[in-house]
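Q: Please examine one part of this assembly closely: the smaller-scale organisation of a single chain and the way it meets its partner. A connected account would be preferred to a list.

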Amino acid sequence: MIQSDAETEEAAGSVLIVDDSRVSGRKLSMAVRALGHTAEIAGNGRQAMQMLAAKRFDVVLLDIVMPEMDGYAVLVEMKKDEALRDIPVIVVSSLEDEIGSVARAIELGAEDFLPKDFEPTILKARMNASLARKRLRDRELAYFRDMERLTEAAQIIERGAFRPSELDVDRVVARDDPLGRLAMVFRGLAEDIYEREKRFDLTVRTLRGTLLVLAAGCIFGLGPALGRMAAQHEIPALGLVVWANTFGAVLCLAVSITRHGIPRITLRDLGFFLFWAIVLGCLYQLFTVIIARHVEASLISLVGSTRGFMVFLLAALLSLERPSLRRFLGLGLGFSAIAVVLLQGGGDVDAEFFWLVAAVVLPFLLSLHTLIMAWRPESVDATAAVGIMLGLAAVLMAPLAVAEGALFLPAAAPGMREVIVLVLGASSAVALVLALRLVSMAGPVFASQMAYSQTLAGIAWGMLLLGEQLSALAWGALALVIASFWLVEPRRATDDFKVTLRMNRNKMR
Amino acid sequence: MKNEDVTDPGWIDRTALLRLLNVVGNDPDELAELVGDYLEDAPDLAGRMIEASASGDRTAFRIAAHTLKSNARDFGAVQLSELCAAAETASTSDANVADLAAAADDIARAEQAARKALADVSLEDLGGSTGTG
């Protein structure tokens, strides 16, 4: 609704007086101010244009006859300028001998004219009429601008993805008219949809994250059992890890190159891959196999569940994720259960306390791995990244394995040794690719819950492959670990989250 | 002694001053300020007309005549305003430079007389008679 009202017509306006005569200019200024308006004087056309560019005026009182830039030139310039063309101009002129000039000025866009020897009542009437027109035009322009803003907001939603902040309709909502109410309903609906979709996204993330956690944990949990089986078959640890990593690297790179072509990495990326290869491909893999010689696979897995708490602490310390009491309780519950097992000794076989404590280094290395994933080069896909890392680790450890005489040659006819190498290499590679996807989708803290599924799987694999058994206390600890699982939510979608609406255009038209 | 000769350049139309007082919101101080501006600028405008006629600059002559015409009328200097109107018209016609120079001299004299008369007007006493000198 665009309506003028008497109140705004009477409101004070800011007036620019353009007159080369100091006396005429001041007379007009005093008259305008006596009517309650504010007035500024420009001594010539050029100065007037500068003042119009610098400040907003409601009305211009313009003398025609001026040296250099006269009133006509000012009018022409003002009408050319989009920002100035709607400011009403009242030409001040001597009627008796300048009637032709007035006509020309009105043709050039002047709103009205005022005789030089005007009466205050005439000045007041013309000023009010011009101000009313100006205000009506201002309201029209604001209405069209707001209408345009609302249409643009609708187009943003129609294009697909949106965030409520992008719609930028607050100014339109502030209007006290039907357009403002329409904008309010529009914004409200958009916000409702956004919130609903955000919640839905969180649910989907949680479900997908949980599936990934279970899958990756199950596969990764094989590690300790395989390490223990390797010990039973007297397979050298270094040689096993070098061959397993080599196989994992070949597997990943073959898949990645088939799907995406040869990965491109920079020198800076190489630094990251080297660090990652040392932490995970070398140290973690080697320690898993070595510690498995002394500690039951199910106990290693149980100790490994402390990783959830380690990641949470490290992520909070590095400000990667915001800590919350709920998450703290969830992770703390899991950790305390493991602490009880560590202190009491949960397995049937008495493990040497040293090796049990040494097993804590495994979740620590995995925590480090989870956290450094935040700096993973985005240009390299997950499969290629794991392939490069495992390959680098194999290259780094191969000379050591040769020096130790641990680098055996795989037999032409595959036996248990070869099967363990292949299963360890493939399971590490697949689990790491899944874990990487998990970190980028749900954040490091949620991904660290893989520690629990890995624990469950490790115990299951230990019982299945090695006939190990857990004590009642260890089972109780496990129940607590599972309970704590539900207290930790995945990282929520941030403000970058965009909602995508699919619209049926045919129905809309 | 009052000057009642309306054709005398020294005759000031008090009704014009009263209208001006009304225009500036009936504030005598504002009117006095405006009169002060006129008394300061008028000789300059007349001088500019003399200079413009001497240099043959018809535009500058016309603009100065136009401004002084409006100002003189506002302050009741009727005779001076009329002389300026005639000079403005002459500047746009075929009148020769000598005629413009003569007109400028007449205007300078009339301006001087009007300025003296206006300076003598008591702005506080405005409202009684319609003319003074």
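The account below concerns chain B, its contact with chain A, and the nonpolar cores.

A: The model is a predicted one. Chain B contains five helices and two strands, and from the N terminus its elements follow the order β-α-α-α-α-α-β. Of its 133 residues, 42% count as buried. Among the contacts in chain B with a separation of 6 or more, 69% join residues 24 or more positions apart.

Helix H4 of chain B, residues 78-92, merits particular attention. Its 15 residues should span 21 Å at 1.5 Å a residue, and because the end C-alpha atoms are 22 Å apart, the expected and modelled spans agree. Buried residues of H4(B) include B:Val78, B:Leu80, B:Leu83, B:Cys84, B:Ala85 and B:Ala87. B:Gln79, B:Ser81, B:Glu88 and B:Ser91 are buried in this helix as well. The cover over the buried residues of H4(B) includes strand E1 (12-13), H2, H3 and helix H5 (97-120) of chain B.

Two of these covering elements, H2 and H3, also take part in the contact between the chains. That contact draws 16 residues from chain B and 15 residues from chain A. On the side of chain B that touches chain A, helix H1 (14-23), helix H2 (28-55) and helix H3 (58-74) each supply at least two residues. H3(B) gives the most, with seven residues. By class, this side of chain B comprises five nonpolar, six polar and five charged residues.

The nonpolar cores complete the picture. The largest has 97 residues, and those touching the most other members are A:Ala216, A:Leu240, A:Val386, A:Met389, A:Ala435 and A:Leu438. Helix H19 of chain A, residues 416-442, gives the most to this core, with 14 residues. A second, separate core of 72 residues includes B:Ile63 together with A:Ala31, A:Phe57 and A:Ala110. Within the largest core, A:Met389 is one of the residues that touch the most other members. Leaving aside neighbours within four places in sequence, A:Met389 is in contact with A:Phe273, A:Trp276, A:Ala277, A:Leu280 and A:Gly281.

Two loop residues of chain A may be added for their backbone angles. A:Asp168, in the loop between helix H7 (164-167) and helix H8 (170-173), has a positive phi of about 55 degrees although it is not a glycine. A:Asp168 is partly exposed, because 13 other C-beta atoms lie within 10 Å. A:Glu234 lies in the loop between helix H10 (222-232) and helix H11 (237-260) of chain A, with a positive phi near 55 degrees. A:Glu234 has 7 C-beta neighbours inside 10 Å and therefore counts as exposed.

Notes:
Residues are numbered from 1 along each chain as its sequence is written. Chains are lettered from A and ligands numbered from 1 in the order in which they are written. This is a predicted model: local features need pLDDT of at least 70, side-chain atom pairs count only at pLDDT 80 or more; totals for chains, interfaces and linings use all residues. Two residues are in contact if their C-beta atoms, placed from the backbone, lie within 7 Å. Helices (H or I, at least four residues) and strands (E, at least two) are DSSP runs, numbered from the N terminus. Ala, Val, Leu, Ile, Met, Phe, Trp, Tyr, Cys and Pro count as nonpolar, Asp, Glu, Lys and Arg as charged, and the others, Gly among them, as polar. A nonpolar core is a set of buried Ala, Val, Leu, Ile, Met, Phe, Trp, Tyr and Cys residues joined through C-beta atoms within 7 Å. A residue is buried if 20 or more other C-beta atoms lie within 10 Å of its own, exposed if 12 or fewer, and partly exposed in between; C-beta atoms are placed from the backbone. The expected span of a helix is 1.5 Å times one less than its number of residues.
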